[in-house]
Amino acid sequence: MKRRHFATTLLAGVGAAWGLGAAGLAAAQGAAAVPAQAGAATGAATAAGSAAAALPVVATFSILGDLVRQVGGERLQLDVLIGPDSDAHVFQPRPSHARQVRQAQLLFSNGLGFEGWIPRLLQSAAFRGQHVVVSRGIEALRSAGHGHGHGGHGHGHGHSHGEHDPHAWQNVAHVRTYVRNIADALCAADAAGCDFYRQRSQAYDAVLAQLDTEIRAAWEPIAPAQRKVIVSHDAFAYYGQAYGVRFLAARGVSSDSEPTARGIVRLVQQIRQEQVRALFVENVTDPRLIEQIARETGLRPAGRLYSDALSAPGGSAPTYVDMLRHNTQALTRAIAGA
């Protein structure tokens, strides 16, 4: 049966699609709460008692911390090294971070070169636990400048993640793999809680599957030729590949890569030639570059996207699901309303 939004205007269609998406996601979360709560009840029987029984674990950054929390719940004592609205590209571990890592049984990292400081931190912390790379098993994209560009323009020779683009969490399908890897690692470290972790991970996987469906529905009324967006750094290639959106970035895959003047000129020319409609700042990057491009092109920034970090609690994107919903709403509304 055709969706109602096909009988309306494009902008109304986007709103309808995402409106249905939000309702559908809420329904999925409600449905998922039943097995998650059931898991909590059975898990609580084995985890009952003192907080000292909680498994000490560390996640490297806020997005990953939320995923670990969704699976591990109250059975974990979770520390997150890089908090909300903070940039992992410029993170410098302190002695307090080394102490947190030293005390952990599990350290969860994204991998793919995202946390280039991890080897030094593990060595300084004398870490003896299990290092879990949650991106294991995904098909990673190659970074711009390593044979397959993803929209980066003229970024300089600053920090690089290496061969692969690490921002795989921008594709919900990859996060479903992350969640399975998290559950496997928790089960290996805490066999008594394995049923609890499996129930929670399966419930959350259902929410993620519904989220993926709703993102696709939100983009459905927008013609592929119009799905072009300007962003600060090349953090959205996985989202673009999954949902048919073309992102043009002034910087490379790292937020501290410096664009060249020539690269900016080429990007401005491309924006004008291709009539790009949407321009966004990001929560972890300096907005001045996007503001410069806005002045050169006459485009007004359409809002803020969350790329490498969640918002603080009470913000627009305090969880992974909230982040993807916020970004998709902002993108589709900006393009449809331009």
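**Briefing: buried and partly exposed salt bridges, and a β-α-β unit**

R75 is buried, with a relative accessible area of 7%, in what is a predicted model. The residue forms a salt bridge with D190, in which the closest N and O atoms are 2.9 Å apart. This pair connects distant parts of the chain, since R75 sits in the loop between α2 and β2 while D190 sits in the loop between α5 (172-189) and α6 (194-219), 115 residues apart. The count of salt bridges comes to seven, and the points below take up some of them together with the strand pairing around α2.

**The R75–D190 pair**
- D190 is buried as well, because its relative accessible area of 13% falls under the 20% cut-off for that class.
- R75, at 7% relative accessible area, is also buried, and the loop that holds R75 lies between α2 and β2.

**The β-α-β unit**
- Strand β1 (residues 55-61) and strand β2 (residues 76-82) run parallel and are joined by six bridges.
- Within this pairing, V58 stands opposite D79, a residue of β2.
- Together with helix α2 (residues 62-72), the strands β1 and β2 make up a β-α-β unit that is right-handed.

**The R142–E163 pair**
- R142 and E163 form a salt bridge whose closest N and O atoms are 2.6 Å apart.
- Both R142 and E163 lie in the loop between β4 (130-133) and α5, so the salt bridge ties together parts of the chain that are 21 residues apart in sequence.
- R142 is partly exposed, with a relative accessible area of 29%, and E163 is likewise partly exposed, at 39% relative accessibility.

**The network around K228**
- A salt bridge brings together the side chains of E274 and K228, with an N to O distance of 3.8 Å.
- Because E274 lies in helix α8 (residues 261-274) and K228 in strand β5 (residues 228-231), this pair ties together parts that are 46 residues apart in sequence.
- The two partners fall into different accessibility classes, for E274 is partly exposed, with a relative accessible area of 24%, whereas K228 is buried, with a relative accessible area of 14%.
- The contact between E274 and K228 belongs to a wider arrangement, in which K228, R246 and E274 are linked in a network of salt bridges.

Technical notes:
Residues numbered from 1 in each chain as written. Predicted model: local features only at pLDDT ≥ 70, side-chain atom pairs only at ≥ 80, totals over all residues. Heavy atoms only, no water. Pairing = 2+ DSSP bridges. Helix = DSSP H or I, 4+ residues; strand = E, 2+ residues; numbered from the N terminus. Right-handed = clockwise from strand over helix to strand, strands pointing away. Salt bridge = Lys/Arg side-chain N within 4 Å of Asp/Glu carboxyl O. Buried < 20%, exposed > 50% of the residue type's maximum accessible area, 1.4 Å probe, protein only.
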